[in-house]
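The exercises below are meant to be worked with the structure in view. Try each task before reading its solution.

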Amino acid sequence: MNLQMWLSVILWICPVFLVVLWPQIRRRIKQLQLRNVPGPSPTSFWNGLSKELHSPFAVPYREKVLTLYGGVIRLDDFLGDVHLAISDPLALATIFGKYRDSYDTPESRIRSMRTVFGGGLTGTKGQEHSDQRRRLSPVFSVRYLREMVPTFNRVAAELIHVMRGAITQPQTEVEIAEYISRFSLECVGRAALGYSFGPLEKHGTDYSRALKEFGPTIVQLNRWRAFLPFLQRVFPRSWLRFGAEVIPYEPLQRMRGISDSVNATARQILQQKKETLQKGDKMMMQELGEGKDLIAILMQHNAKDPNDISSFSEEDLVGQMSMLLLQATDTTSTTLVRTVQQLALHPDAQLRMREELTEATSRIGRTLLDLDFDSFTQLPYMDAVIRETIRLYPGFYMASRVSPEDTVLPLRNPIQGKNGELMNELHVPAGTTVWLNIFGVNRDKTIWGPDEAEWKPERWLAPLPATVADARIPSVYSNTMTFVAGSRSCIGYNFALAEMRVLLAHLVLNFEIAPSDKEIVWKMSGIASPSVKGSKTTKPEMPVRLTPI
Ligand code: HEM
């Protein structure tokens, strides 16, 4: 290359670098004021704390850091970018109140969800997201959940049948995480998609396996997905698609495979459902979980009036299906596994639940299969067990938000800056990643009391300390942040709670649960997931000893 060519290459590259780098540089300058916020020291300038916080072994570190530094924590990231983890209730209320239209999931996350799944709630933002959410909300209402509880109950009974066939001896060691994972996948399959993943003895499809790979793979691509919004703005879709095909980076290739597999299967299921729908409602009732699954309800709505603005396009439906499976399965099964682990460690709690359930079924002279949605919600001790597990062990420890404008967040509890200065409010520059510190809120001593780290279902059976109400935690459920709050809160939390109530009831009435001798460690893979210490598998593991009753 001659000098002239070099110069033109440099002249072409410089503006590109400026476009990419300038917002980053400007943000870091504005973030200088945040350097006073307390937080752990980064171990490297290049990676900040991202390895400590996001590696598979990050759970103990997260648990320590997210509760140690108070309501606002500085967490340095890539090349000195300052992230904040916020658990101060007033600052959170301001994010969900005054700044509700500003703070949203980071664009890189929304775009990556859209790129992989082609739409769905988590792949949309702004008006498109609120429109989708408004149209989806009714199918997650208690009205439809009432219809789903019999499905959950049937799946639970089928699972217990399979488990009883395999467990005949007292104290048999069983991989309960595997059974629970089948239960929650099948519940979402039947109740949300009107689709079965097969008999519970041997369960799962390429579709479900591809979705399971998503969490660990996206964590590996974390660093690179920050560039996605820029790449999508600059390069045509066909170039990016070509790039994704030829770049020999294993996690990228795996993600491409996940995307192809998930979309092809979702389309296939949708096509089958469409054909059934065209044959008429009656056939659909018989073939697709009685036509009461979420996607069938949306399709029936579409079929009534395809021009109605509240109809979903086929593209949207495909996105919703995969997004639902992704959001609904591992979250619920991990929380169920946590609950079973606690029950195994607390035989007194099991006994109390069993007595409550026996009382509830003998009152109506029937079995668990006869309990409906309302009966399952009227079991105060089981309810307390679930609330306490959800408080102490939220599936997601943090959820990220970014505002495109500068914001000022007032603090309920002033924090002491590194220079000793007391800070009553926080000036957050536009573009700064704010982590909603779910774990920190749920375990705040000043809110929950000195025993906040203990698993104590009883705390929910007496009036909660006044400090809980006084804190005014933004929350959709039980004063906790587990399902976050606001426009991106978990749309399926009632679905998850209903599933949990049903399976726990079946397990406790059929088995005595005891811990196994194996040590369990919780690893990060998007959400915290259990495994046996030293095990290499990425599958959740929770061996327990079961004795049939
Ligand atoms: C115990 C189980 C569950 C937990 C802990 C949980 C937690 C969460 C959290 C924290 C978010 C917000 C994430 C963020 O803002 O970054 C979320 C969003 C979401 N969840 Fe759940 N979830 C659970 C079960 C479910 C179930 C069963 C479904 C569906 C049937 C579901 C569907 C969704 C959807 C669609 C979103 C995205 C909402 C939006 O972007 O508007 N979740 N969930």
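**Exercise 1**

In which strand is Ser529 found? Work out also whether Ser529 is buried or exposed, and list its contacts beyond its neighbours in sequence.

Solution. The model is a predicted one.
- Step 1: Ser529 belongs to strand β10, which covers residues 527–532.
- Step 2: Its relative accessible area is 11%. Buried means under 20%, so Ser529 is buried.
- Step 3: With neighbours within four places in sequence left aside, Ser529 is in contact with Thr334, Val521, Trp522, Lys523 and Pro540.
- Step 4: As for Gln320, it lies 209 residues from Ser529 in sequence, and the two C-alpha atoms are 24 Å apart in space.

**Exercise 2**

Which protein atom is the donor to the iron atom of the ligand? Describe the setting of the residue that supplies this donor.

Solution.
- Step 1: The iron atom has a single donor from the protein, the SG atom of Cys490, at 2.3 Å.
- Step 2: Cys490 sits in the loop between α22 (466–471) and α23 (493–510).
- Step 3: The relative accessibility of Cys490 is 31%, so this residue counts as partly exposed.
- Step 4: Neighbours within four places in sequence aside, Cys490 is in contact with Arg133 and Phe483.
- Step 5: In the UniProt record, an unreviewed entry, Cys490 is listed for "binding site".

**Exercise 3**

Two residues other than glycine are to be examined for their phi values: Ser478 and Val484. Where are they found, and are they buried or exposed?

Solution.
- Step 1: Phi of Ser478 is positive, near 60°.
- Step 2: Phi of Val484 is positive too, near 45°.
- Step 3: Ser478 is in the loop between α22 and α23, and the place of Val484 is in the loop between α22 and α23 as well.
- Step 4: Ser478 has 13% relative accessibility and therefore counts as buried.
- Step 5: Val484 is buried because its relative accessible area is 7%.

**Exercise 4**

Describe how helix α16 and α23 meet: at roughly what angle do their axes cross, and which residues make the contact?

Solution.
- Step 1: Helix α16 spans residues 314–345, and its axis comes within 10 Å of that of α23, with a crossing angle of roughly 35°.
- Step 2: The crossing of α16 and α23 is right-handed.
- Step 3: From α16, the contact is made by Thr332, Thr335, Leu336, Thr339, Val340 and Leu343. From α23 come Ala496, Glu499, Met500, Leu503, Leu504, Leu507 and Val508.
- Step 4: Sorted by kind, the residues of this contact are 9 nonpolar, 3 polar and 1 charged.

**Exercise 5**

Stay with helix α16 and look at Leu317. Which residues is Leu317 in contact with, leaving aside its neighbours within four places in sequence?

Solution.
- Step 1: Leu317 lies in helix α16.
- Step 2: At 4% relative accessibility, below the cut-off of 20%, Leu317 is classed as buried.
- Step 3: The contacts of Leu317 are Leu270, Ile295, Leu298, Met299, Asn302 and Phe312.
- Step 4: For one of these contacts, Met299, the C-alpha atom is 8.6 Å from that of Leu317, with their positions 18 residues apart along the chain.

**Exercise 6**

Which residues of helix α5 are buried, and which residue just after α5 takes a positive phi? Then find how far Val116 is from Asp260, C-alpha to C-alpha.

Solution.
- Step 1: Helix α5 covers residues 107–117, and its buried residues are Ser108, Ile110, Ser112, Met113, Val116 and Phe117.
- Step 2: Gly118, just after α5, has a positive phi of about 70°.
- Step 3: Asp260 is in helix α13, residues 250–278. Its relative accessibility is 37%, so Asp260 counts as partly exposed.
- Step 4: Asp260 and Val116 are 144 residues apart along the chain, and their C-alpha atoms are separated by 8.1 Å.

**Exercise 7**

Is Thr446 buried or exposed, and what distance separates its C-alpha atom from that of Arg223?

Solution.
- Step 1: Thr446 lies in helix α21, residues 445–448.
- Step 2: Thr446 has 52% relative accessibility, so this residue counts as exposed.
- Step 3: The C-alpha atoms of Thr446 and Arg223 are separated by 35 Å, and the two residues are 223 residues apart along the chain.

Conventions
Residues are numbered from 1 along each chain as its sequence is written. This is a predicted model: local features need pLDDT of at least 70, side-chain atom pairs count only at pLDDT 80 or more; totals for chains, interfaces and linings use all residues. Side-chain values use heavy atoms; hydrogens and water are left out. UniProt positions are given in the numbering used here, feature names are shortened, and annotations may be inferred rather than shown by experiment. Helices (H or I, at least four residues) and strands (E, at least two) are DSSP runs, numbered from the N terminus. Buried means under 20% relative accessible area, exposed over 50%, partly exposed in between (1.4 Å probe, protein chains only). Contact means heavy atoms within 4.5 Å. Axes are lines fitted to C-alpha atoms, for helices over the stretch in contact, and angles run from 0 to 180 degrees between N-to-C directions. A crossing is left-handed if the near helix is turned anticlockwise from the far one by less than a right angle, and right-handed if clockwise. Ala, Val, Leu, Ile, Met, Phe, Trp, Tyr, Cys and Pro count as nonpolar, Asp, Glu, Lys and Arg as charged, and the others, Gly among them, as polar. Donors are N, O and S atoms within 2.8 Å of the metal (3.2 Å for Na, K and Ca); water is not among the atoms, so sites may look incomplete.
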